[in-house]
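Please open the model in a viewer and keep the sequence panel visible. The tour below proceeds by selection, and each stop states what is to be found there.

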Amino acid sequence: MTASSHHQKGMDLFHAGCYAEAAQWLEKSIAEQETSERRSDWAAALLQAGWPTQAEAGFRRALDLDPANSVAAANLGVLLASSQRTDEALVLLERALQSTAMAPAQQASIQQWIEKIRPAAAIAPRPSDLPSLAMPERPKFYMNIELPDGSFTGGPSDHTSWPAHLGLSPAMVAGKRVLDVASNDGFWAFWAEKHGAAEVLAIDVEDYAHYDWSFGGPPASVKRGDPKNVGFWWLHQLLRSRVRREPISVYQLDPEQHGVFDIAVMCGLLYHLRHPLLALDTLRRVCNGVLIVETHIACADPLLPASLFYMDDVFRGHANWTGPTEAAVVHWLCSAGFPTVYVERDRQSGMYARQKFIACANSTWAANFQHNPNFQLCDSNYFRQTRAALETRLGLPPTTTT
Ligand SMILES: C[S@@+](CC[C@H](N)C(=O)[O-])C[C@H]1O[C@@H](n2cnc3c(N)ncnc32)[C@H](O)[C@@H]1O
């Protein structure tokens with residue numbers, strides 16, 4: 001099915017009142033080609049399905065893609081007006097009203113909204129004085145994230161100590177463009193926003209069906225259609241966050257569309273991928289500073305650059321494909337265009353070992369991490385050892401050095 005037929009199917013479902021299902025088909029059409037109109041239709045379906053925060057982000061994205069999209073402006077205006085954000089609502093609704101593309105009935109409805117909120121807009125309080133929007137019930141979190149009151153969300157994936165361990169200081173983040181890949185509940189996205197990042201984009205697939213499946217698609221056991229990443233949107237609303245989120249796979253990152261980032265973080269994803277090298281190559285195209293990678297590694301022989309391929313559900317379920325050694329990840333990062341790589345010194349052992357890597361695209365970023373005692377620079381000696389391990393495994397005569 002093509003992107004346009006995905007869009008058509010989504011709109012048919014929308015008009016039939018099946019909004020959650022419509023959103024899924026519209027998301028598919030966006031995954032193939034994102035346009036302002038598709039993003040706006042997707043957001044409208046989410047709004048009808050009862051997901052206002054996601055819808056708001058969608059309408060904003062549609063307006064980023066095409067500021068003249070009057071449907072997105074009108075919808076966002078009504079959404080904001082309904083939550084007492086009347087100043088911005090008024091600007092959007094007035095902009096939408098000027099569009100010649102609006103049908104008379106839509107114009108009349110927009111006019112009614114304008115009349116309803118205009119007096120309120122004139123005396124609108126500053127955003128900080130506004131009462132908080134009613135929060136939906138707190139969802140179950142996967143990632144442990146600190147809340148403004150000092151409590152934690154309590155999920156099992158706990159990265160709270162990682163910025164310090166990695167030597168990623170708030171000063172490095174301030175004013176930077178940050179990309180959070182496989183963002184899930186958004187620990188890294190919200191952390192970067194809190195520390196003054198100029199812009200943060202979080203990406204993740206929004207349905208298990210969009211994991212990296214092979215030709216046959218997801219196995220029957222895979223849950224489909226459940227809203228994923230609900231924790232992210234709950235936090236987004238609580239924090240009144242400006243983080244942008246796109247429901248895309250890592251392979252869909254595109255410098256033309258998303259720009260280039262100073263800091264990219266990809267934790268817990270590499271082993272889910274069938275094309276880990278393609279993902280790293282793609283990330284290099286959108287990251288010109290530092291890429292942080294955390295992943296499962298196969299650790300029997302860490303200095304041998306080799307990778308296991310996990311068949312079927314042999315390694316903790318069908319969604320795991322790739323078991324690289326430490327040296328394989330280092331070589332993949334270098335060959336993707338990150339000339340300086342640091343590897344976490346403490347090597348875990350055992351079947352479920354994991355490791356962190358800091359890959360730098362240039363010497364300025366590389367200098368930031370050179371004194372971090374938790375990480376080792378992969379220098380010429382490291383690469384001599386990995387080459388020797390490979391030669392031994394292949395039975396080649398050792399390289400002679402002069
Ligand atoms: C093990 S969780 C890791 C989540 C989080 N980064 C962490 O470290 O706790 C794997 C995450 O990867 C996301 N994911 C799976 N396939 C993906 C893909 N092809 N592109 C982007 N994200 C993907 C999943 O939706 C999920 O949020």
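How many helices and strands make up the secondary structure of the chain? The chain comes to 16 helices and 12 strands, where helices (H or I, at least four residues) and strands (E, at least two) are DSSP runs, numbered from the N terminus. This is a predicted model, in which local features need pLDDT of at least 70 and side-chain atom pairs count only at pLDDT 80 or more, while totals for chains, interfaces and linings use all residues. Residues are numbered from 1 along each chain as its sequence is written.

**The whole chain**

Begin with the entire chain selected. Its C-alpha trace spans about 80 × 45 × 35 Å along the principal axes. The radius of gyration is 24 Å, close to the 21 Å that the globule rule gives for 402 residues, so the chain is as compact as a globular protein of that length. That radius is taken over C-alpha atoms, and the globule rule is 2.2 Å times the number of residues to the power 0.38.

Of the 402 residues in the chain, 42% are buried. A residue is buried if 20 or more other C-beta atoms lie within 10 Å of its own, exposed if 12 or fewer, and partly exposed in between, with C-beta atoms placed from the backbone. Among contacts between residues at least 6 apart in sequence, 59% join residues at least 24 apart; two residues are in contact if their C-beta atoms, placed from the backbone, lie within 7 Å.

**Helices H2 and H3**

Next, select helix H2 (residues 19–32) together with H3. Their axes come within 8 Å and cross at roughly 160°. Axes are lines fitted to C-alpha atoms, for helices over the stretch in contact, and angles run from 0 to 180 degrees between N-to-C directions. H2 and H3 are therefore roughly antiparallel to each other; angles under 35 degrees count as roughly parallel, over 145 as roughly antiparallel, 65 to 115 as roughly perpendicular and the rest as oblique.

H2 passes H3 in a left-handed crossing. A crossing is left-handed if the near helix is turned anticlockwise from the far one by less than a right angle, and right-handed if clockwise. To display the contact, select residues including Tyr19, Leu26 and Ile30 in H2 and Arg38, Trp42 and Leu46 in H3. By class, this contact has 8 nonpolar, 2 polar and 4 charged residues. Ala, Val, Leu, Ile, Met, Phe, Trp, Tyr, Cys and Pro count as nonpolar, Asp, Glu, Lys and Arg as charged, and the others, Gly among them, as polar.

**Helices H3 and H4**

Keep H3 (residues 36–48) and add helix H4 (residues 52–65). This pair packs at an angle of about 165°, with axes 8 Å apart. H3 and H4 are therefore roughly antiparallel to each other, and their crossing is left-handed. Ser36, Ala43 and Leu47 of H3 are among the residues in the contact, as are Gly58, Phe59 and Leu65 of H4. The residues of this contact divide into 9 nonpolar, 4 polar and 2 charged.

**Helices H4 and H5**

Now add helix H5 (residues 70–82), whose axis comes within 9 Å of that of H4 and crosses it at roughly 145°. The crossing of H4 and H5 is left-handed. The contact includes Pro52, Phe59 and Leu63 of H4 and Ala72, Leu76 and Leu79 of H5. Its classes are 9 nonpolar, 1 polar and 2 charged residues.

**Helix H11 and Arg240**

Which residues of helix H11 (residues 230–238) are buried? They are Gly231, Phe232, Trp233, Trp234, Leu235 and His236. What covers them includes H4, helix H10 (187–194), strand S4 (199–203) and strand S5 (244–246).

Move on to Arg240, in the loop between H11 and S5. Arg240 has a positive phi of about 50° although it is not a glycine. With 11 C-beta neighbours inside 10 Å, Arg240 counts as exposed.

**Ala182**

For the last stop, select Ala182, in the loop between strand S3 (177–181) and H10. Ala182 also is not a glycine, and its phi is positive, about 60°. Is Ala182 buried or exposed? Ala182 counts as buried, because 20 C-beta neighbours lie inside 10 Å.
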